[in-house]
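Here are some exercises to work through with the model open beside you. Try each task before you read its solution.

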Amino acid sequence: MANFEIVMPKMGESITEATITKWLKQVGDPVGEDEALAEIATDKVDSEIPSPVEGVLKEIFFQEGDVVEVGKVIAVIRMDGDDENDASEKTTEPSKKEQPAPAVSGISVAQPVDEGAKGSSGRFYSPLVRNIAREEGITMQELDTVTGTGKDGRLTKEDLLNYLKNRNKPSTAKVESKPAPVADAPKADMPKASKVIHAVDVKTDAGDEIVEMTRLRKLIVDHMVASEDTSVHVTSIAEFDVTNLVKWREKYKTLFEKREGEKLTFTPIFIWAIAKALKDYPMVNASVSGDKIILRKNINIGMAAALPDGNLIVPVIKNADHMSLVGLAKSVNDLAARARTNKLTPDEIQGGTFTLTNLGTFDTLFATPIINQPQVAILGTGAIKKKPVVLESEHGDTIAIRSMIYLSLSYDHRIIDGALGGMVQKRIGDYLQNWDINQTV
């Protein structure tokens, strides 16, 4: 007669904690095998925790909104037929030892905002709010006094920024000390902005609707601001003739779908060309760590995918340079389909070394993509359009209708100069416009 402990699962190499967003079962509820117990969220993906056993939910150790480390016991299930009293001494006590120590009230010493997701008041604070508080030197006690307008009184970024506008700040002659970095400091694959970006005070008019950003949208905002604050962005745009590629795909797409049961889009072809170019120019398949450059051994291509709610996610095709065009097409279709239904695993959206964003899906000609940290480059592929083009030959110039595409390469000027950026962009374009129309798939 033993109870079964449910622990916060490991959901990826760099993920050390997750937030419990919703309990799907309550104490006393029956639980079936593989039935979801709770919904959790990380800075990468939302997921569920299923129960490996059948029984009754006996105890819950963390509440909704709590941030829990990987490996911590979050609940106990009493398996059918167990004696509840016999099991309580066996399981409950060690589980409680793993719980975070409760906040101690009545302490007069001000604590910096580095004690986890909750203050002594018990109110939950998001990582973004805590980051701003640390940058501004706000203690946890002071943070607890700020009025929140979010759900259940939660403190939002806007609440904190509005508070800072009216806060009595030290004299400008005084040097303000900053709290030391904390345990939940930026992870290597998603650096936080080193400066606080204060929101503009926007006044609303009658009839305006205020919509709270979703958790994922807030993470995207934080990620994009951090990227602009980290890398020196340069974007180069070049146009290429992909007429042969378009004709080849038109010839084989129906056959490919009948044979493989998969659609043949342009995305896997773009990824194929990128992977070949990165092998030719390994400095672009890299990351920057301080004053060191990390040349990545594996070529893992992320592909930006739009979600039905308008948000963005970037599933990653690992070792893309080892895959055939058929394998890439299958991977692209599978990841895109599961991205739209929120079925991706955390491992499938991390570890990218270069990112592709297919702007042509929305009929966009070109844009200036933002680098996906800690990568050093991202390629935007525009819509393929027919247009009149001057063709040069030994017999003179002629005008012909050709299928043309713009490639927008944004790269980190800290380690990629214009020459290298131009060369890798041209190499990708050459692989596309020199496509062998006679090859089979």
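**Exercise 1. Find the residue that stands opposite Pro30 in β6, then place both strands in their sheet.**

Pro30 has Val56 facing it in β6. Strands here are DSSP E runs of at least two residues, helices are H or I runs of at least four, and both are numbered from the N terminus. Next, look at the pairing: β3 joins strand β6 (residues 55-60) in the antiparallel sense over two bridges. Two strands count as paired if DSSP finds at least two bridges between them. Now zoom out: the open sheet has four strands in the order β1-β8-β6-β3, with antiparallel pairing. Its edge strands are β1 (3-7) and β3 (30-31), each of which pairs on one side only.

A quick word on ground rules: this is a predicted model, where local features need pLDDT of at least 70 and side-chain atom pairs count only at pLDDT 80 or more, while totals for chains, interfaces and linings use all residues. Residues are numbered from 1 along each chain as its sequence is written, and side-chain values use heavy atoms, with hydrogens and water left out.

**Exercise 2. Work out the strand order of the open sheet that holds β5, β4, β2 and β7, and say why one side of β5 and of β7 has no neighbour.**

Start with a pair: strand β2 (residues 17-23) and strand β4 (residues 36-41) run antiparallel over four bridges. Within that pair, Ile20 sits opposite Ile40 in β4. The full order of this open four-stranded sheet is β5-β4-β2-β7, again with antiparallel pairing. β5 (46-50) and β7 (67-69) are at the edges with a single partner strand each, so one side of each has no neighbour in the sheet. On average, neighbouring strands of this sheet are turned by 45° against each other, direction ignored.

**Exercise 3. Decide which strands pair with β16, and whether its residues are buried or exposed.**

Take one partner first: strand β12 (residues 301-303) pairs with β16 in the parallel sense over three bridges. There, Ile301 has Phe354 as its bridge partner. Strand β17 (residues 377-381) also pairs with β16 in the parallel sense, over four bridges, and Leu356 stands opposite Leu379 in β17. As for burial, five of the five residues of strand β16 (residues 354-358) are buried. Buried means under 20% relative accessible area, exposed means over 50%, and partly exposed is in between (1.4 Å probe, protein chains only). Phe354, Leu356 and Asn358 point one way and Thr355 and Thr357 the other, and all are buried.

**Exercise 4. Describe how α7 and α9 cross, and list the residues that meet.**

The axes of helix α7 (residues 267-280) and helix α9 (residues 418-433) come within 9 Å and cross at roughly 135°. Axes are lines fitted to C-alpha atoms, for helices over the stretch in contact, and angles run from 0 to 180 degrees between N-to-C directions. The two helices are therefore oblique to each other; under 35 degrees would count as roughly parallel, over 145 as roughly antiparallel, 65 to 115 as roughly perpendicular, and the rest is oblique. From α7, Ile269, Phe270, Trp272, Ala273, Ile274, Lys276, Ala277 and Asp280 meet Val424, Arg427, Ile428, Tyr431 and Leu432 of α9. Contact means heavy atoms within 4.5 Å.

**Exercise 5. Work out why Ser287 counts as buried, and find what its side chain lies 2.8 Å from.**

Ser287 belongs to strand β10 (residues 286-289). Its relative accessibility is 4%, which is why Ser287 counts as buried. A polar atom of its side chain lies 2.8 Å from the backbone oxygen of Pro374. Beyond residues up to four places away in sequence, Ser287 touches Lys292, Ile293, Ile294, Arg296, Pro374, Gln375 and Val376.

**Exercise 6. Do the same for Leu307: where is it, and what is it in contact with?**

Leu307 is in the loop between β13 (305-306) and β14 (312-313). At 14% relative accessibility, Leu307 is buried too. Leaving aside neighbours within four places in sequence, Leu307 is in contact with Leu216, Leu312, Ile313, Ala339 and Arg340. Leu307 and Ala336 are 29 residues apart in sequence, yet 9.3 Å apart in space, C-alpha to C-alpha.

Definitions and conventions
Polar contact = N/O pair within 3.5 Å; in protein donor to acceptor, adjacent residues only side chain to side chain.
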